[in-house]
Amino acid sequence: MEYLNEYKQKFRKLKEIQDKYGIDPADTDSILDGIDSYRVNTPVVGNFSTGKSSMINAIIGKPLLSVEITPETAVPTEIYYGNNKVYQYDKDTVIERRIEELPLKGLTIQTTDLVKIEYENEFLKEIKTVNIVDLPGFDTSFELHNRAIDQYLPNSLAYLL
């Protein structure tokens, strides 16, 4: 992660220049605060029931994602390196769950906006700056699925098809 330290150093230098000339460093401060937690969204996209979740489970080496779902239960799920925690973002609340509760079953896009899974394993540790996103299939007729997909695709730098 040496390149992250290089970026931090450059932004610290920018902040020094801003301070010297009386320029508000708020944007620079915000960037510096976000460098350590930044991750590249990498959505896994494809049609419904084509093995997206199964592939992610195989890559990670543990069945974190449910593979026995119907189109109406597909909820966007982010997986990244972390402390074995699960966050379920329902419409009005965040529920923290244990990693042992995975895979979650019965969640619906109508009630759950997003699930985030922090998982500590060697593969994810190697790609700490990557956020793997399991998305609903393209070919469902649910408008909420389309919105979820539309939310990730323009903000992603890499895709797994």
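Is Asn-84 buried, partly exposed or exposed, and at what relative accessibility? Asn-84 counts as partly exposed, at 28% relative accessibility. Here buried means under 20% relative accessible area, exposed over 50%, and partly exposed in between (1.4 Å probe, protein chains only).

This is a predicted model: local features need pLDDT of at least 70, side-chain atom pairs count only at pLDDT 80 or more, and totals for chains, interfaces and linings use all residues. Residues are numbered from 1 along each chain as its sequence is written, and side-chain values use heavy atoms, without hydrogens or water.

**Positive phi in loops**

Two residues other than glycine have a positive phi. Helices (H or I, at least four residues) and strands (E, at least two) are DSSP runs, numbered from the N terminus.

| Residue | Phi | Loop between | Relative accessibility |
|---|---|---|---|
| Ser-49 | near 60° | β1 (40-44) and α3 (52-60) | 61%, exposed |
| Asn-84 | near 55° | β2 (77-81) and β3 (85-90) | 28%, partly exposed |

Another loop, between β4 (94-98) and β5 (112-119), holds Pro-103. A cis peptide bond joins Leu-102 and Pro-103, with omega about 0°.

**Thr-28**

Thr-28 lies in helix α2 (residues 26-35). Thr-28 is buried, because its relative accessibility is 4%. Leaving aside neighbours within four places in sequence, Thr-28 is in contact (heavy atoms within 4.5 Å) with Phe-11, Leu-14, Lys-15 and Gln-18. Lys-15 is 13 residues away along the chain, yet the C-alpha atoms of Thr-28 and Lys-15 are separated by 6.5 Å.
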